[in-house]
Structure formats: C-alpha cells, structure tokens
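Q: Please take a close look at one part of this model, the protein surface that faces the DNA.

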2 protein chains.
Amino acid sequence: MPNKNSDGQDEYDPGFVRKDSLFDGLSEEEKNNFLESGKVLSFRRGQTVFRQGEPLHSFYMICSGIVQLSRVTPNGREVTLDILIEGDMACAKEIFEMRDTHMVTASAVKPTKIMIFPKRWLFETAQKNSVFAINLLAAISRRAQMVELDAEHQATMSAPQLAACFLMHLCNNHGFDPHGFDLPFSKSLIASRLGMELETLSRTFPVLEKYGISIKGKRVVLRDLDAADKHVCDNCSVRESCRARLSLQRKKDDEKPLQSKTHSD
Amino acid sequence: MPNKNSDGQDEYDPGFVRKDSLFDGLSEEEKNNFLESGKVLSFRRGQTVFRQGEPLHSFYMICSGIVQLSRVTPNGREVTLDILIEGDMACAKEIFEMRDTHMVTASAVKPTKIMIFPKRWLFETAQKNSVFAINLLAAISRRAQMVELDAEHQATMSAPQLAACFLMHLCNNHGFDPHGFDLPFSKSLIASRLGMELETLSRTFPVLEKYGISIKGKRVVLRDLDAADKHVCDNCSVRESCRARLSLQRKKDDEKPLQSKTHSD
DNA sequence: CGTCATCTTGAGGAGTGTCAATAACTGTGG
DNA sequence: CCACAGTTATTGACACTCCTCAAGATGACG
C-alpha cells in the first residue's frame with residue numbers, strides 16, 4: 001500500500017522517469033520543480049482513470065502498473081488503442097489539439113500509480129521551456145510513428161504475424177527475458193489490442209511454434225529470434241533489441257548464474 | 001508553368017498557408033521571415049519527392065497539388081499511409097524523432113508545388129519561437145489523432161463503411177460540393193489508402209447507393225448525408241461539416257445560380 | 001471441491017483477397 | 001475525327017482468413 005501525505009495524495013517516486021523522457025536535458029532542479037506540479041494517485045485493478053467523453057482536465061504519466069486505453073466506437077465495439085506502462089504518458093495529444101473532452105477511456109489493468117498534472121501546466125511549461133517543448137515534440141512524434149507503423153501492420157500482416165510481433169515488442173518494452181516470461185496481462189486484452197478476436201489469437205499460438213515462439217498458458221518463450229524475424233516486421237527491429245538483451249542476459253548469467261529478471265513485479 | 005527566380009527555384013505564393021497552420025498567431029513579418037527560409041520546388045505527375053531509406057534533410061509543406069505517402073513493407077507490399085494536399089506538412093514527425101532517414105516515400109500524384117525547409121530550420125525555429133512550437137505540437141497531435149482514428153476504423157468498419165467515410169472526408173477536406181464532384185485521383189490510390197484491393201473498393205460502390213452515395217466513373221454524389229451517417233463513423237462528424245457546406249452552397253446557389261466550384265483545378 | 005473467469009477448440013459463414021477476363025477511359029499519331 | 005495502345009476500372013469465380021456462436025477445458029481462489 002502506498003503512503004499518503006497530508007494532501008491525501010500518494011508520495012511520488014521519481015524513479016519512473018526513465019526512457020526518453022520529457023525531462024531529458026533538464027537540470028535535476030528543474031526536473032524536481034516540474035514533478036512537484038503533479039500529484040500521484042493510485043488505482044486498483046479495473047478502476048477507471050478517465051472516461052471517453054468526460055471533460056479533459058489533466059495530463060498523465062504512468063509511474064507504475066499498466067493502463068488500457070480503449071474506445072467504444074459508434075457501432076458499439078470496444079477497441080483497445082494502447083497499453084501504457086511505466087514512463088508512458090497520456091492525453092498530451094488531446095491537450096495540444098485543444099480538445100475539452102477525453103477521446104478514450106483509461107483503466108488500470110493492475111494496481112497502478114499515475115502522476116497527474118493540470119493541463120494548463122503542460123501547456124505553459126511547453127511555452128516557457130523550449131527544451132521541454134522539444135522533448136514533448138519528440139515524444140508525440142515517436143508515438144505518432146508507432147501508431148502509423150501499427151496501422152501498416154494491421155493492413156499487411158496476418159493474425160499470427162501480428163501476434164508474434166506483439167510478443168517480441170512486449171518482451172522488449174517490459175525488459176523481459178526472451179528465454180521465458182509470463183504475460184503481464186490477459187490474452188483478451190492482447191487480442192483486443194491487436195484488433196482481433198480472442199479465439200483468433202488463441203489459434204495463432206500453435207502456428208507461432210514454427211516461428212520459434214511458444215506459448216503455454218501465460219508462459220512465453222522466444223526461442224529463435226531469427227526464425228521469428230523471417231515472418232515478422234523488419235521495421236520494428238525488435239530482433240536486434242531482443243538479441244542485445246539476450247547476450248546481455250547471457251553475460252549476466254555467466255557472472256551471477258542465479259539471477260532471474262523475469263518477474264520484475 | 002511556374003516562374004523561376006535567379007536561384008532556379010520557383011517563386012512562392014504564400015496563399016497556401018491556410019488551415020490551422022504553423023504560422024497561426026505570428027505577425028505577418030515573422031511569417032514572411034519564416035517563409036523566406038524555404039524554397040518552392042515543382043514536381044511533375046508521378047515524380048518522387050523523397051524515397052524511403054534516403055537521408056532526411058528537409059521539412060516539407062505542400063503548396064498545391066497532391067502527394068502520396070507510401071511505404072514498401074518487408075513483405076514487399078506497398079501501403080499508402082496518407083494523401084497530402086495543399087497546406088499539409090511532411091516529415092515533421094521524423095525530424096523530431098531525430099531520424100536521419102526517410103520512413104516513407106513521397107511522390108506527386110499530380111503536378112505539385114512543395115515548399116522545402118532545411119530540417120535544422122524547423123528544429124531551431126521550434127526552439128526559438130514558442131508560438132511556433134505550440135503550433136507544431138498542435139499539428140503533430142492532430143495528425144496523430146487522425147492516424148489513431150484511422151486505425152480504429154480499419155479495425156471496426158467494413159469495406160463499404162471505410163469507402164463511405166473516405167468519400168465524405170474527401171469532400172470535406174478538398175472543399176468539394178457534396179451534390180457532385182470528381183475524384184481528384186485514381187481509385188487504385190483510394191483503395192491503397194484504405195488498405196483494401198481495388199476490386200474490393202469497386203464492389204463497395206453499388207452498396208453505397210443504399211447509403212445515399214453514388215459513384216459513376218470519377219463522379220461522386222453524396223445525396224443523403226443522414227443515411228450515410230447511419231452507416232459510417234459519428235466521430236468524424238463529417239456529416240456536420242458537409243451539411244454546413246451544403247447549406248452554404250445552397251445560399252451561394254440562390255445568389256449566383258450559375259457558379260460551380262466542382263472543378264477547382 | 002465447487003465457482004467464476006479465462007482460455008481453448010470446433011463447425012459454419014461472411015467478407016476480402018486473388019486471379020483472370022472484359023470494359024471504359026486517356027492520350028497519341030495518323 | 002478516328003483508330004490505336006496503354007492505363008485504369010469493373011465484373012465474375014473461387015479460396016482463404018477471420019469472425020461468430022457454442023461447447024468444453026483450464027486455471028485461480030475461496
């Protein structure tokens with residue numbers, strides 16, 4: 001259970017600020033100054049962070065946990081647009097688009113801590129601090145590029161390819177060991193994220209064995225990244241990242257044979 | 001044929017700077033100052049502006065004409081990611097992502113003029129001028145939102161719905177008269193943009209009659225926007241825009257019965 | 001050990017992709 | 001103005017992928 005301070009909000013742990021963050025290139029002082037504008041809230045598994053159509057007040061950064069971004073389309077279908085993890089941000093797009101309502105619904109997939117900033121803060125900081133503005137541009141651009149690549153995948157890849165690609169990315173983004181890791185969320189969520197039905201996803205798993213990927217229950221093993229690569233996207237260059245991690249892992253294994261980074265939860 | 005000045009580049013006509021442009025909120029002086037950093041080049045129908053994989057040097061703004069952005073996927077399939085028109089920009093994403101090569105290929109679909117800025121210029125201007133930076137953030141955010149909505153459509157809509165939605169957007173974006181306009185580019189391009197085969201697109205047209213949309217050759221008539229709306233996306237709120245244009249058109253028709261804005265070429 | 005949620009497996013059908021033949025349009029040269 | 005070739009689009013037949021509905025299987029947890 002998280003500690004609460006006098007305001008009733010959780011104390012924050014700035015450790016989540018990693019990756020290619022908005023605070024890159026800022027002094028520790030500036031960074032901490034910025035972080036004080038936000039407050040950290042905790043969400044239970046299944047709890048809604050914000051809902052599609054509600055007024056948009058804040059900018060969000062995920063400190064820990066997992067958040068599903070979804071939309072209910074006019075036809076009544078639910079689509080998962082993204083699955084956010086530690087270090088990801090939400091609603092920057094909408095804020096700079098000057099929208100006043102949320103386009104998507106965000107809900108915690110597991111216990112999650114989120115840092116929340118007033119949207120005015122984001123806007124004004126981008127105006128005042130050019131380093132921050134450039135970081136924001138980079139982050140939003142990166143995200144836009146990912147979405148575009150995603151759309152390309154949907155258009156050109158089969159269900160098994162999509163699944164393989166997703167698993168490799170997952171391994172990469174979460175820092176899992178390709179030799180074996182457990183899915184951090186349900187297969188239904190994955191299927192929804194990939195724009196396919198759960199049944200279709202299930203049926204891809206036997207096929208993926210051929211690509212050197214095996215799934216038994218929640219357990220995933222990426223055995224042969226080369227084989228996988230033949231059937232999946234080069235663009236993502238996941239293989240390279242995964243392989244880098246693999247050899248890193250091997251070195252670590254040599255040094256401390258007992259260490260396992262699989263469950264970082 | 002465009003005039004050439006002493007540098008061999010075409011003279012520019014800043015009239016293309018419309019829409020929710022990067023120069024919003026800047027003084028005429030600043031704006032013109034900025035425009036002087038760019039030069040306008042002309043491209044023939046079919047000519048390549050830049051190619052996927054080539055080094056990325058510039059930021060682009062379309063002055064007139066139509067540009068197809070496409071990618072060849074690792075499987076060898078070509079996907080059309082976007083179709084740019086007057087006022088659209090290209091490569092901002094890639095520049096702020098710090099990429100050094102082009103992700104996509106751009107080619108002129110018809111005779112096209114493009115204003116070209118050094119990528120350093122874009123970067124430095126965003127750093128120096130906070131209004132410009134915010135405009136950039138807005139533009140990239142808007143684009144990202146569109147791509148996301150597009151992906152949602154691909155995932156949830158049938159081929160006829162996609163086609164109907166595309167035609168309504170087309171009418172809207174190009175400022176055509178819903179009562180009747182000619183497609184400004186080939187149906188193959190549209191099919192490729194919608195991630196479907198030309199044959200599939202062709203087969204949607206008879207179906208679209210039911211939705212109040214008729215296509216005969218290049219001629220398109222959006223007869224019943226309400227009927228179309230029932231079968232297409234609410235999100236896009238194309239109907240509203242089209243309807244606004246419809247009543248605008250009616251007023252114009254009342255005033256000057258002979259005017260026709262269909263062929264703006 | 002039963003209950004609930006999550007997942008797997010099966011059978012059938014709708015929607016698209018593929019291949020191939022035909023038709024319409026576009027521009028060129030006689 | 002017409003015949004011609006080249007491009008672009010339509011139409012048909014068939015195969016394949018994925019969705020839908022339905023029935024089990026597995027796993028988590030009290």
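Which element gives the most to the surface near DNA strand C, and with how many residues?

A: The element is α7(A), which gives five residues to the surface near DNA strand C. This is a predicted model, in which local features need pLDDT of at least 70, side-chain atom pairs count only at pLDDT 80 or more, and totals for chains, interfaces and linings use all residues. Residues are numbered from 1 along each chain as its sequence is written, chains are lettered from A and ligands numbered from 1 in the order in which they are written, and side-chain values use heavy atoms, with hydrogens and water left out.

Strand C is surrounded by 17 residues, and the closest are K187(A), S188(A), S202(A), A159(B) and T200(B). A residue is near a strand if one of its heavy atoms lies within 4 Å of it. Of the atoms of DNA strand C within 4 Å of the protein, 53% are in sugar or phosphate, and the rest are in bases.

Some of the polar contacts (pairs of N or O atoms within 3.5 Å; within protein, one must be able to donate a hydrogen and the other to accept it, and residues adjacent in sequence count only if both atoms are side-chain atoms) involve phosphate oxygens of strand C. An N or O atom in the side chain of S188(A) is 2.5 Å from a phosphate oxygen of DNA strand C. For T200(B), a polar side-chain atom lies 2.5 Å from a phosphate oxygen of this strand. A159(B) instead uses a polar backbone atom, 2.7 Å from a phosphate oxygen of DNA strand C. Two or more residues of this surface come from each of α6 (187-193) and α7 of chain A, and α7 of chain B. Helices (H or I, at least four residues) and strands (E, at least two) are DSSP runs, numbered from the N terminus.

By class, the surface near DNA strand C has four nonpolar, six polar and seven charged residues. Here Ala, Val, Leu, Ile, Met, Phe, Trp, Tyr, Cys and Pro count as nonpolar, Asp, Glu, Lys and Arg as charged, and the others, Gly among them, as polar.

DNA strand D can be read in a similar way. It is surrounded by 17 residues, with A159(A), T200(A), K187(B), S188(B) and S202(B) the closest. Here α7(B) gives the most, with five residues. A polar backbone atom of A159(A) is 2.8 Å from a phosphate oxygen of DNA strand D, while R203(B) has a side-chain N or O atom 2.9 Å from a base nitrogen of this strand.
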